[in-house]
Amino acid sequence: MIKLHTNFGTIGIELDHEKAPVTAANFEQYVKDGFYDGLIFHRVIKGFMIQGGGMDENMNEKPGRDPIQNEAQNGLKNDKYTIAMARTQAPHSASSQFFINTKDNTFLNHTEPSLHGWGYAVFGKVVEGQDVVDAIEGVATKRHGYHDDVPVDNVVITKAEIV
């Protein structure tokens with residue numbers, strides 16, 4: 001299990017190494033490397049998701065490793081409290097950024113191996129701290145530079161660890 005300790009509380013995440021082996025291993029390696037320590041949840045959209053894993057407290061992007069193969073065709077769905085990889089429009093562009101779904105987001109699921117059908121790879125689920133996810137989802141947000149939906153007060157991942 002992965003524990004994301006935040007200034008809002010701890011989120012416990014169970015990874016699915018069976019259905020998302022590349023994605024789960026990628027996330028786990030970032031945790032082992034201490035990459036997420038000190039980063040923030042930089043994008044929060046109520047009724048959708050909370051996103052982190054790429055920005056520091058000043059909204060500077062932390063460079064990650066090379067992108068990984070999109071495993072969205074693994075059968076896992078973007079249901080409430082699942083964790084998935086964030087990416088650009090390019091289907092295989094996910095690296096370090098992730099999001100936690102705060103509702104069932106079926107439109108993010110894989111439908112076909114095309115530009116618009118690839119979807120977003122789910123690789124685990126929140127098994128502890130759903131109340132922490134809900135609290136983060138409820139924060140006030142603002143625009144920061146060219147970024148929308150940025151929490152007014154930083155939501156910091158103080159430490160990510162494997163337990």
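1. Let me start in strand 9, residues 147–151, since D149 lies there. Its backbone caught my eye: phi of D149 is near 65°, a positive value in a residue other than glycine. Most residues other than glycine have a negative phi. D149 is partly exposed, with a relative accessible area of 26%. Do keep in mind as you read on that this is a predicted model.

2. M59 has a positive phi too, near 65°, and again we are not looking at a glycine. The setting here is a loop, the one that runs between strand 4 (49–55) and strand 5 (82–85). M59 has a relative accessible area of 10%, so this residue counts as buried, the limit being under 20%. If you are going through the backbone by eye, put M59 and D149 on your list.

3. Now for the inside. The largest nonpolar core is made of 32 residues, and the ones with the most contacts inside it are L4, I11, F27, Y36, F41 and F98. Which element gives the most to this core? Helix 1 does, with 4 residues. There is also another core lying apart from it, with 8 residues, including F48, L76, L108 and V122.

4. Aromatic rings deserve a point of their own, as the count comes to 10 aromatic pairs. Take F27 and F98: their ring centres are 5.4 Å apart and their planes stand at 85°, so this pair is edge-to-face, a label that needs an angle over 60 degrees. F27 sits in helix 1 and F98 in strand 6 (residues 98–101), so the pair ties together parts of the chain that are 71 residues apart in sequence. Are these two buried or exposed? F27 is buried, because its relative accessible area is 0%, and F98 counts as buried at 0% as well.

5. F98 has another partner in Y36. That pair is also edge-to-face, with 5.4 Å from centre to centre and 85° between the planes. Y36 belongs to the loop between helix 1 and strand 3 (40–45), while F98 is in strand 6, so here too distant parts of the chain are linked, 62 residues apart. Y36 is buried, with a relative accessible area of 0%. Step back and you will find F27, Y36 and F98 in one aromatic cluster, together with Y30, F35, F41 and F123.

6. Two charged side chains sit over rings. The charged end of K62 is over the ring of F35, at 4.4 Å from the ring centre, and F35 is one of the residues in the aromatic cluster. The other case is R87, whose charged end sits over the ring of Y120, 4.1 Å from its centre.

7. What lines the largest cavity? R87 and Y120 both do, along with I68, Q69, N70, M85, P91, A94 and A121. The structure holds 1 cavity of 30 Å³ or more, and the volume of the largest is about 50 Å³.

8. R87 turns up again at the largest pocket, which holds about 600 Å³ of space. Its lining takes in 26 residues, and those nearest the centre are Q51, A86, R87, T88 and Q97. Strand 3, strand 4 and strand 9 are the elements that give two or more residues to this lining. Strand 9 is where we met D149.

9. A couple of lysines to finish. K19 is in the loop between strand 2 (9–15) and helix 1 (21–32), and it counts as partly exposed because its relative accessibility is 41%. Beyond its neighbours within four places in sequence, K19 is in contact with N74 and L76. You may remember L76 as one of the residues in the 8-residue core. K19 and H5 are 14 residues apart along the chain, and their C-alpha atoms are separated by 25 Å.

10. K32 is found in helix 1 and counts as exposed, because its relative accessibility is 55% and the cut-off is over 50%. Where is E161 relative to K32? The two are 129 residues apart in sequence, but 7.0 Å apart in space, C-alpha to C-alpha.

Key: Residues are numbered from 1 along each chain as its sequence is written. This is a predicted model: local features need pLDDT of at least 70, side-chain atom pairs count only at pLDDT 80 or more; totals for chains, interfaces and linings use all residues. Side-chain values use heavy atoms; hydrogens and water are left out. Buried means under 20% relative accessible area, exposed over 50%, partly exposed in between (1.4 Å probe, protein chains only). Contact means heavy atoms within 4.5 Å. A nonpolar core is a set of buried Ala, Val, Leu, Ile, Met, Phe, Trp, Tyr and Cys residues joined through side-chain atoms within 4.5 Å. Rings of Phe, Tyr and Trp (its six-membered ring) pair if their centres lie within 6.5 Å; planes under 30 degrees apart count as stacked, over 60 as edge-to-face and the rest as tilted. A charge sits over a ring if NZ of Lys or CZ of Arg is within 6 Å of the ring centre and within 35 degrees of the ring normal. On a 1 Å grid over the protein atoms alone, a cavity is a set of points where a 1.4 Å probe fits but cannot get out, and a pocket is an open set with protein on both sides within 12 Å along at least five of seven lines; lining residues have an atom within 4 Å of a point. Grid points are joined across faces, edges and corners, and a volume is the space filled by probe spheres set on the points.
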